[in-house]
Amino acid sequence: MGQVLNTQSSVTHKLMASFKKTPSTDHDSLPLKSIFSTLKKPLVTKPNDFIPLFNDCISVASSRTQEYLLFVDPEDKFSPSPEVLTQIFLMTYISQSVHLNMTDTFNCTVLTPGQRVLLGADWVWAVLDKPTKNPRIQIAVQVLHLPEREGVNVDKPPPEAYSESVQMAHVEAGNKNTSEKLVEFCSSIGKDCYALFLFMGRKNDKENIYGVVSNNFEAATGKCDKIDRAFIENFFKGSRYLHTPTGMMRAIVTKKEGDPLTLMVKFS
């Protein structure tokens with residue numbers, strides 16, 4: 001048993017090391033451009049300025065997701081599950097980012113089921129250095145849904161959920177919740193890796209998408225605070241200002257190296 005755990009641990013270290021070097025988007029799995037995509041002119045931006053492009057991708061992804069987030073079936077036969085909402089946001093974002101040709105500067109790596117169990121992230125955004133394309137800044141994203149939606153339209157887990165690698169990931173992850181896993185993953189990389197908790201609706205505003213992003217969540221663990229949904233949502237209390245996606249990204253890329261940064265964001 002000790003040998004198995006040692007093997008699993010080495011898998012985790014190799015996985016984290018890969019994010020410290022070269023996470024990349026699998027272009028083969030991305031949707032092909034539609035012929036209609038040529039009708040939309042790309043945004044005019046300064047060379048290497050990916051932030052307006054990122055904002056455009058977020059705007060499109062958020063608007064598309066809201067259509068399903070707000071959908072109410074009059075016959076009460078259909079309601080998008082949390083997994084579907086996450087996939088709609090992510091696929092729309094990826095499609096738009098490829099259309100805008102920004103993946104060489106700012107890319108998106110979608111995690112496998114096993115990686116999600118180990119690291120607590122659904123995907124990782126990365127600002128890439130040229131010409132090496134090594135990640136300079138990373139944002140690991142975990143999507144959170146309204147509690148009442150978690151029980152809606154829950155299908156059987158996909159076949160990969162029963163795979164040996166996913167079961168091993170569960171064993172190695174131990175008793176940590178998904179939020180704690182994400183914080184631990186980001187802190188293991190350093191202050192240039194941010195944890196972003198993306199809320200698909202909040203208690204008093206179910207139709208909008210919010211986020212809390214920080215490179216300093218590990219400070220809470222030092223105070224023996226439990227990092228869970230309630231802890232993360234508490235950041236919104238007393239907050240008088242919500243950043244836009246553009247404001248969030250500009251704050252991240254202009255921050256002094258090693259400084260802590262925590263922001264509340266409205267994505268829709």
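What is the volume of the largest cavity? It comes to about 40 Å³. The model is predicted, and the cavity is a good place to enter it. A search of the whole structure finds one cavity of 30 Å³ or more.

Start with the walls. The lining of the largest cavity consists of Val-183, Cys-186, Ser-187, Gly-190, Cys-193, Ala-195, Ser-214, Asn-215, Asn-216, Phe-217 and Glu-218. Two elements give two or more residues to this lining: α6, spanning 178-189, and β4, spanning 193-202. The largest share belongs to α6, with three residues. By character, the lining residues divide into five nonpolar, five polar and one charged.

Now follow the chain along β4. A hairpin of two residues joins β4 to β5. The two strands pair in the antiparallel sense, over seven bridges. To locate the pairing in the viewer, find Leu-198, which stands opposite Gly-211 in β5.

Strand β5 runs over residues 205-214. This strand is mostly covered, with eight of its 10 residues buried. It has another partner besides β4. Strand β6, residues 262-266, pairs with β5 in the antiparallel sense over five bridges. Here Val-212 has Met-264 in β6 as its bridge partner. In a regular strand, side chains alternate between the two faces of the sheet.

Return to the cavity lining, which includes Cys-186 and Cys-193. Are these two cysteines bonded or unbonded to each other? They are unbonded: Cys-186 is in no disulfide, and the sulfur of Cys-193, the nearest cysteine sulfur, is 3.6 Å away. A disulfide needs the two sulfur atoms within 2.5 Å, so a separation of 3.6 Å does not qualify. Cys-186 is also buried, at a relative accessible area of 4%. That value falls under the 20% cut-off, which is why Cys-186 counts as buried.

How far is the sulfur of Cys-108 from the closest cysteine sulfur? The distance is 9.8 Å, and the closest sulfur lies in Cys-57. Cys-108 therefore has no partner there, because 9.8 Å is too far for a bond. Cys-108 counts as buried too, because its relative accessibility is 4%. For the whole count, the 2.5 Å rule gives zero disulfides.

The parts can now be put together. The cavity of about 40 Å³ takes lining residues from α6 and β4. From β4, a hairpin leads to β5, and β5 in turn pairs with β6.

How values were computed:
Residues numbered from 1 in each chain as written. Predicted model: local features only at pLDDT ≥ 70, side-chain atom pairs only at ≥ 80, totals over all residues. Heavy atoms only, no water. 1 Å grid on protein atoms, 1.4 Å probe; cavity = no way out; pocket = protein on both sides within 12 Å on 5 of 7 lines; lining within 4 Å. Points joined across faces, edges and corners; volume = space filled by probe spheres on them. Helix = DSSP H or I, 4+ residues; strand = E, 2+ residues; numbered from the N terminus. Nonpolar A, V, L, I, M, F, W, Y, C, P; charged D, E, K, R; others polar. Buried < 20%, exposed > 50% of the residue type's maximum accessible area, 1.4 Å probe, protein only. Pairing = 2+ DSSP bridges.
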